[in-house]
Amino acid sequence: MPLSPEQKQELEKTIRAFVGRPIGPPRAGRDAVNEPMIRQWCEVMEDRNPVYWDAAAAKNSVHGGIVAPPAMLGAWTMQGWEMRLGYDEPKNEEHRLHKILTDAGYTGVLGTDTEQGFTRYLRPGDEVTVSTVIADISEEKATGAGVGYFITTRTTFTDQNAEEVGFETFRVLKFIPSQPRPAASESSAAAQPQKPGRIKPPMGHDNAWWWEEVAKGKIPIQRCKGCGKLRHPPRPMCGACGSMEWDHIAASGKGTLHTFTVIHYPQFPGYEFPIIAALVDLQEGTRLMSSLTGCDPKAVKIGMKLTGEIQHDEDGFALPVFRPAK
Ligand SMILES: [Zn+2]
């Protein structure tokens, strides 16, 4: 049910009152900056910069000791699993704002962009506290996802001396999802607009070639011409030797499932749900994000052998997918 102009005015007045409001009291991180967390983060991110984990190398660097990767900033104050609580019974001002919009029909939420800034490197022992303010709510906007409001929060990270060490802005679109179209009956099928296709990946200077190879039926892997190291996703420079010269090979398509997640919601048009999003270790040694098809989500097992193939969407878009190996 669309809101009347009076109801919308009332809603906007209510939500605007949230702008400038902290979402709650400042919150201290559960642990001080520490080496085990830094090591684990670097391992997962495959960041091998020794200033983050090798005490001797770090001592001889400009930092004079181990520092935390700046991009880890948010990790020091993450709430953990308790974060899942709060959307039915709002626990802070941000939840309350979201619930007001949800109750008014703006049920969709979509993260749109984030910006981070770092003032200084954190070192083991630093204690990080976080405070978040609802910084901005846009006018109502019409977007591809539906009509809604962009809500920007600004989070400030401070240390044990109350000095800012960095910030992060985060913007979400809280929107009324576009109405699903009624199913086409036989007679009216021709009058129905075409079924929407999948959202296409961004293709730029560094990666368009990869998709062009996929369209030819291959799963390509970029190869350094300097040292022969394979890499994925495509990028201009070799992380091992610094060479900018490269060519590519075609993967055999053989791989094993490194990890996966099953996506049920939000259900965007153009996709079959649930999606089994799979991180695949290719036999050649690189890793690829893909989808697993031809497999019951309950039967998926980490380590299972997979075979790659090129799937062609109805609109002709070619995409590598994997299925369990026979
Ligand atoms: Zn190289």
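**Entry 1: Cys241 and the zinc ion**

I began with Cys241 in this predicted model, and I noted that Cys241 has a relative accessibility of 41%, so I entered it as partly exposed. I then looked up Cys227, for which the relative accessible area is also given as 41%, and I wrote down partly exposed for Cys227 as well. Both values sit between the cut-offs of 20% and 50%, which means that neither the word buried nor the word exposed applies.

Which protein atoms hold the donor positions of the zinc ion? I found the SG atoms of Cys224, Cys227, Cys238 and Cys241, at 2.3 to 2.4 Å from the zinc ion. Reading along the chain, I recorded the spacing of these donors as C-x2-C-x10-C-x2-C. Cys227 and Cys241 form a pair that links distant parts of the chain, 14 residues apart, with Cys227 in the loop between strand E7 (220-224) and strand E8 (230-231) and Cys241 in the loop between E8 and strand E9 (246-250).

I next checked the geometry of the site, where the angles among the four donor atoms run from 102 to 114°. I classed the site of the zinc ion as tetrahedral, because every one of these angles falls between 85 and 135 degrees. For comparison I noted that the ideal angle for four tetrahedral donors is 109.5 degrees.

**Entry 2: Helix H5 and Trp211**

I turned to helix H5, which spans residues 208-215, and asked how many of its eight residues are buried. The count is six, and I therefore described the helix as mostly covered, with buried taken as under 20% relative accessible area. I listed these buried residues as Ala208, Trp209, Trp210, Trp211, Glu213 and Val214. Their packing partners are the strands E7 and E9, together with E12 (287-292), E13 (305-312) and E14 (318-324). Just past the end of H5, I noticed that Gly217 has a positive phi of about 100°.

Within H5 I singled out Trp211, whose relative accessibility of 16% is the reason why I entered it as buried. Setting aside neighbours within four places in sequence, I found Trp211 in contact with Pro201 and Met203, and also with Phe317, Ala318, Leu319 and Pro320. I also looked up the separation between Trp211 and Ile137, which lie 74 residues apart along the chain and have their C-alpha atoms 37 Å apart.

**Entry 3: The second largest pocket**

I estimated the space in the second largest pocket at about 1,200 Å³. Its lining is made of 34 residues, and those nearest the centre are Ile23, Arg27, Gln79, Met83 and Glu94. By character I counted 16 nonpolar, twelve polar and six charged residues in this lining.

Which elements supply at least two residues each to this lining? They are helix H4 (93-103), strand E3 (129-137), strand E5 (146-158) and strand E6 (164-177), and E6 gives the most, with four residues.

**Entry 4: Two threonines of strand E5**

I followed strand E5 to Thr153, which I marked as buried because its relative accessibility is 6%. Beyond the neighbours within four places in sequence, Thr153 is in contact with Glu94, with Thr132, Val133, Ile134 and Ala135, and with Glu168, Thr169 and Phe170.

Thr158 lies in strand E5 too, and I marked Thr158 as buried because its relative accessibility is 18%. With the same sequence neighbours left out, I recorded its contacts as Glu127, Val128, Thr129, Glu163, Glu164 and Val165.

**Entry 5: The enclosed space**

I then searched for cavities of 30 Å³ or more and counted one. The largest cavity holds about 40 Å³ of space, and I listed its lining as Pro70, Leu73, Phe118, Arg120, Tyr121, Leu122 and Val165. Of these lining residues, six are nonpolar, one is charged and none is polar.

**Entry 6: Lys301**

Last, I asked whether Lys301 counts as buried or exposed. I entered Lys301 as exposed, because its relative accessibility is 55%, and I placed it in the loop between E12 and E13. From C-alpha to C-alpha, Lys301 and Glu35 are 32 Å apart in space, and they are 266 residues apart in sequence.

Methods:
Residues are numbered from 1 along each chain as its sequence is written. This is a predicted model: local features need pLDDT of at least 70, side-chain atom pairs count only at pLDDT 80 or more; totals for chains, interfaces and linings use all residues. Side-chain values use heavy atoms; hydrogens and water are left out. Donors are N, O and S atoms within 2.8 Å of the metal (3.2 Å for Na, K and Ca); water is not among the atoms, so sites may look incomplete. Four donors count as tetrahedral if all angles lie between 85 and 135 degrees; four count as square planar and six as octahedral if opposite donors are over 155 degrees apart and all others between 65 and 115; anything else is irregular. Buried means under 20% relative accessible area, exposed over 50%, partly exposed in between (1.4 Å probe, protein chains only). Contact means heavy atoms within 4.5 Å. On a 1 Å grid over the protein atoms alone, a cavity is a set of points where a 1.4 Å probe fits but cannot get out, and a pocket is an open set with protein on both sides within 12 Å along at least five of seven lines; lining residues have an atom within 4 Å of a point. Grid points are joined across faces, edges and corners, and a volume is the space filled by probe spheres set on the points. Ala, Val, Leu, Ile, Met, Phe, Trp, Tyr, Cys and Pro count as nonpolar, Asp, Glu, Lys and Arg as charged, and the others, Gly among them, as polar.
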